[in-house]
Amino acid sequence: MRKFAIFSGFLGAGKTTTQMALTKYHTDHHGKAAMISNDLGHSVDLADCRLAKLCGCNASEITDNCICFVNEQLADRLRSLYDDGCELVISDIPGFGVGALEHVYYGLTEKYPGEFLLAPFTAITEPCIVETLINGKGSDLRYIYDAQLAEADLIVMNKCDLINDEQRKAYEEWLRKRYPLAQVISISAVTGEGLEKLSQALTEGSASMRIPDLSHLKDDLSSAMDRMSEFYMQYHASVCCNDFDGNEYLREMAEAVCKDIMALGEEIPHLKLLTWAPEGDYGKADLLGTGRPVEMTHRFEHRCTDLAVIINGTAACPADKLEKIVTDSVKRVSDEYQLELMIFKTECMGMCD
């Protein structure tokens, strides 16, 4: 059985980590699987795809456009992966995924009737996001959270290893009551808990093709989306005659961006910094909001002399301000480490541009 699944969900909920974990798990236990990393950046080997390959995942990417608008390219990629023996293919979607159900699932169905078996439309969330929805407070980004989950056939609460059983049960019950047409399961992409349930839900279930009425969220959702900007940077950093701590370099960079974003009264739901050394050693840092500490997702094992660096970030901040903040932070922190920079690519755009 050849199935295709879309993973939508908010920044930092763990879409890429879940894709990687599930691709490996399904391949090991059921049959060959693959993941597609979708990004708006114009370059190749962007952070998510590069990370997946570094971790040994069967991964490829579609860049320069959202898969909502490149149905033909997506169909060709799926055919290629199925011809290579894949039984399950998972793709994320850039930004927030609202509308992907209509544009991707319906697009494939209408243009290629009967060719692709569509798994339940899946939204990845996490306890912090659920807590924000329950409280009804905080950032107006909660309107985006709500719209994502309202579209889903399958809601996957990731990071369940970070909460206790009582909290998990309460959050699951709230999600089922709020979104009664969706199946709800909890997983931990880090520990592997729940991956069998997720694998079964995707391979045994089907998309309902149900498009919910989001008219009550239209104005608030549009306002929230208008505030969002995306940033991409690729560069090389090297030190002349010493070595340096790559892990602390990443941490300090993420903290510098966080501080400057906070100073403007803005928010940055996700900043990803992925770096690797010529020998194959690599590190990754994630900032999941100004109110949360920087997470060292993967640490360098050795001190560094030169690094390739990819930075992806999405913020509720004007594009020009976001670009200046991240660029200035890169240069300032790199100067502190006495690093020479060679910047290959910088892009920054509003999500609705």
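The accessible surface of the protein comes to about 15000 Å², and carbon and sulfur atoms account for 48% of that area. The model described here is a predicted one. Of the 353 residues of the protein, 59% count as buried. The C-alpha trace extends over about 60 × 45 × 40 Å along its principal axes, and the radius of gyration, 20 Å, agrees with the value near 20 Å that a compact globule of 353 residues would have. The secondary structure is made up of 11 helices and 14 strands. When contacts between residues at least 6 apart in sequence are considered, 78% of them join residues at least 24 apart.

Empty space within the model was examined next. Rolling a probe the size of a water molecule over the atoms shows where such space is left. The largest pocket holds about 920 Å³ of space, and 43 residues form its lining, with Gly14, Thr16, Thr17, Lys284 and Asp286 lying nearest its centre. Two or more residues of this lining are supplied by each of helix H1 (15–29), helix H2 (47–54), strand E9 (228–239), strand E10 (267–276), strand E11 (282–287), strand E12 (295–298) and strand E13 (306–316). Of the elements that contribute to the lining of the largest pocket, H1 gives the most, with six residues. By residue class, the lining of the largest pocket divides into 17 nonpolar, 13 polar and 13 charged residues.

In addition to the pocket, one cavity of 30 Å³ or more was counted. The largest cavity contains about 40 Å³ of space, and its lining consists of Gly9, Phe10, Ile124, Thr125, Ile129, Tyr145, Gln148 and Leu149. Strand E6 (122–125) and helix H6 (142–151) are the elements that give two or more residues to the lining of this cavity, and the largest share, three residues, comes from H6. Five of the residues that line the largest cavity are nonpolar and three are polar, while no charged residue is present in the lining.

Two buried residues illustrate how elements of the fold meet. Thr18 is placed in helix H1, the element that gives the most residues to the lining of the largest pocket, and Thr18 is buried, with a relative accessible area of 0%. Residues up to four places away in sequence aside, Thr18 touches Phe7, Ile124, Asn158, Ile187, Ala189 and Leu198; of these contacts, Ile124 is also listed in the lining of the largest cavity. Thr18 and Arg142 are 124 residues apart in sequence, and their C-alpha atoms lie 22 Å apart in space.

Pro269, in turn, is located in strand E10, which is one of the elements giving two or more residues to the lining of the largest pocket. With a relative accessible area of 7%, Pro269 is buried. Its contacts, not counting residues up to four places away in sequence, are with Phe10, Leu11, Leu141, Met228, Leu287, Leu288, Gly289, Thr314, Ala315 and Ala316, and Phe10 is in addition one of the residues that line the largest cavity. The C-alpha atoms of Pro269 and Arg292, which are 23 residues apart along the chain, are separated by 9.8 Å.

A residue with intermediate accessibility is provided by Thr305, which is found in the loop between E12 and E13. Thr305 is partly exposed, because its relative accessible area of 39% falls between the limits of 20% for buried and 50% for exposed residues. Neighbours within four places in sequence being left aside, Thr305 is in contact with Ala237, Ser238, Val239, Asn242, Asp243 and Phe244. Between the C-alpha atoms of Thr305 and Gly350, which are 45 residues apart along the chain, the separation is 35 Å.

Backbone geometry was also considered. Most residues other than glycine have a negative phi, and most peptide bonds are trans. Lys159, in the loop between strand E7 (154–157) and helix H7 (165–178), has a positive phi, near 65 degrees. Lys159 is buried, with a relative accessible area of 13%. Phi is likewise positive, near 60 degrees, at Met209, a residue placed in the loop between helix H8 (195–204) and helix H9 (218–226). The relative accessibility of Met209 is 19%, and Met209 therefore counts as buried under the 20% limit.

Notes:
Residues numbered from 1 in each chain as written. Predicted model: local features only at pLDDT ≥ 70, side-chain atom pairs only at ≥ 80, totals over all residues. Heavy atoms only, no water. 1 Å grid on protein atoms, 1.4 Å probe; cavity = no way out; pocket = protein on both sides within 12 Å on 5 of 7 lines; lining within 4 Å. Points joined across faces, edges and corners; volume = space filled by probe spheres on them. Helix = DSSP H or I, 4+ residues; strand = E, 2+ residues; numbered from the N terminus. Nonpolar A, V, L, I, M, F, W, Y, C, P; charged D, E, K, R; others polar. Rg over C-alpha atoms; globule rule 2.2 N^0.38 Å. Buried < 20%, exposed > 50% of the residue type's maximum accessible area, 1.4 Å probe, protein only. Contact = heavy atoms within 4.5 Å. Areas by Shrake-Rupley, 256 points an atom, 1.4 Å probe, with all protein chains shown as cover.
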